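Me: Could you walk me through this structure and explain the terms as they come up? I would like to see how each label is earned.

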Amino acid sequence: MNVRQLDLSRRTIAVAAALIGTVSLVIGAHAALNMRAIDAAKAVSTDQVTGSIGQTSRLALVIGNGHYPDASAPLTQSINDARALSSSLRKNGFDVDMVEDATKDDMVRAVNRLRSRIKRDTVVMLFFGGYGVQAGRESYMLPVDAVIWKENDVRRQGVSIDGVLDMMKEQGAKAKLVVVDASRRNPYERRFRSYSHGLAPISAPDNALILSSASPGKVADDGKGEHSVLVAEFLNNLNAQGSAEGVFNKTRVAISRASEGDQVPTISSSLLEDVHFGEAGG
């Protein structure tokens, strides 16, 4: 082999080595990119799962009904109450579904949306402001399109509070919080031969806390403020945060004292664990 052939052979080997090195670098870079993509996908997946858990750990359905065709004047406070309470609950970590001037279909759809999102670790809150009527020892939330002439109409066209609580229990909600501001003298009472004022007692299923604006069978005065008496005091205590039971009890005591016993909200509790509003909450 002469010198030129030897030199050419060395160049060929050098070029081949360079190509092999380049290919190795490309393969290595590609593998690194794949690993980064896999790690990124895992991170996104974890974030999505964490976010999903966070979004469903606290749910609230807030219904404010104010414009009833049978009423002589709208319940403007109910709308104000629903909006203010929704804002406050969101600050306390609740994912809020708010419905205003809800028809029966609107209310049924909202309850079904809530049903589909309740998980085993979910704290669920229901607020209703509007007209409520008791029938057959149950309390019903009335939609704005209700046409009520007799007691059976209440059952057909209203939405049972006890029924919503039973749904929460069946879905396995961790805790159930209910605030009902519906103990009002409503426009339907003159149509009943035997009529019971206010709401029926609402029994708390397992691990539930219920606040109603008046004692069973009693009606409450809304006052003349921007918010109803119940919600105004409830918002004050909710914004101060603390345990749910503490917020509910402070609201009850404050209203009872301010009205000199004329309005005594009712609390029914079967809570088995502490539920807190605010960042401390469970």
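Me: Why does Gly 129 count as buried?
Reply: The relative accessibility of Gly 129 is 1%. Buried means under 20% relative accessible area, exposed means over 50%, and partly exposed lies in between, with a 1.4 Å probe and protein chains only. Gly 129 therefore counts as buried. Please keep in mind that this is a predicted model, where local features need pLDDT of at least 70 and side-chain atom pairs count only at pLDDT 80 or more, while totals for chains, interfaces and linings use all residues. Residues are numbered from 1 along each chain as its sequence is written, and side-chain values use heavy atoms, with hydrogens and water left out.

Me: Which residues is Gly 129 in contact with, leaving aside its neighbours within four places in sequence?
Reply: They are Ile 63, Gly 64, Asn 65, Ser 78, Asp 181 and Arg 184. Contact means heavy atoms within 4.5 Å. From C-alpha to C-alpha, Gly 129 and Arg 184 are 9.9 Å apart in space, with their positions 55 residues apart in sequence.

Me: Where is Gly 129 found, and what makes that element mostly covered?
Reply: Gly 129 is found in strand S3. Seven of the seven residues of S3 are buried. Val 123, Met 125, Phe 127 and Gly 129 point one way from S3, while Val 124, Leu 126 and Phe 128 point the other way. Strands here are DSSP runs of E with at least two residues, helices are runs of H or I with at least four, and both are numbered from the N terminus.

Me: How do you know that S3 pairs with S7?
Reply: Two strands pair if DSSP finds at least two bridges between them. Seven bridges join S3 (residues 123-129) to S7 (residues 175-181), and the two run parallel. Two examples are Phe 127, whose bridge partner in S7 is Val 179, and Val 124, whose partner there is Lys 176. S3 also has seven bridges to strand S1 (residues 58-64), again running parallel; Ala 60 has Met 125 of S3 as its bridge partner.

Me: Why do S2 and S10 stand at the edges of the sheet?
Reply: The open sheet has six strands in the order S2-S1-S3-S7-S8-S10, with mixed pairing. Strand S2 (95-100) and strand S10 (266-269) each have a single partner strand, so one side of each is left without a neighbour in the sheet. On average, neighbouring strands are turned by 10° against each other, direction ignored.

Me: Why is helix H3 called roughly parallel to H5?
Reply: The axes of H3 (residues 104-117) and H5 (residues 161-170) come within 9 Å and cross at roughly 20°. Angles under 35 degrees count as roughly parallel, over 145 as roughly antiparallel, 65 to 115 as roughly perpendicular and the rest as oblique. That makes H3 roughly parallel to H5. Axes are lines fitted to C-alpha atoms, for helices over the stretch in contact, and angles run from 0 to 180 degrees between N-to-C directions.

Me: Which residues make the contact of H3 with H5, and how do they divide?
Reply: H3 brings Val 111, Leu 114 and Arg 115, and H5 brings Val 164, Met 167 and Met 168. They divide into five nonpolar, no polar and one charged. Ala, Val, Leu, Ile, Met, Phe, Trp, Tyr, Cys and Pro count as nonpolar, Asp, Glu, Lys and Arg as charged, and the others, Gly among them, as polar.

Me: What makes H6 oblique to H7?
Reply: The axes of H6 (residues 229-239) and H7 come within 9 Å and cross at roughly 135°. This angle falls in none of the named ranges, which makes H6 oblique to H7. The contact includes Phe 234 of H6 and Phe 248 of H7. By class, there are eight nonpolar, two polar and two charged residues.

Me: Is Gln 241 buried or partly exposed, and how do you know?
Reply: The relative accessible area of Gln 241 is 36%, so Gln 241 is partly exposed. Gln 241 sits in the loop between H6 and strand S9 (242-243), and its phi is near 65°, a positive value in a residue other than glycine.

Me: What about Asn 207: buried or exposed?
Reply: With a relative accessible area of 6%, Asn 207 is buried. Asn 207 lies in the loop between S7 and S8, with phi near 55°.
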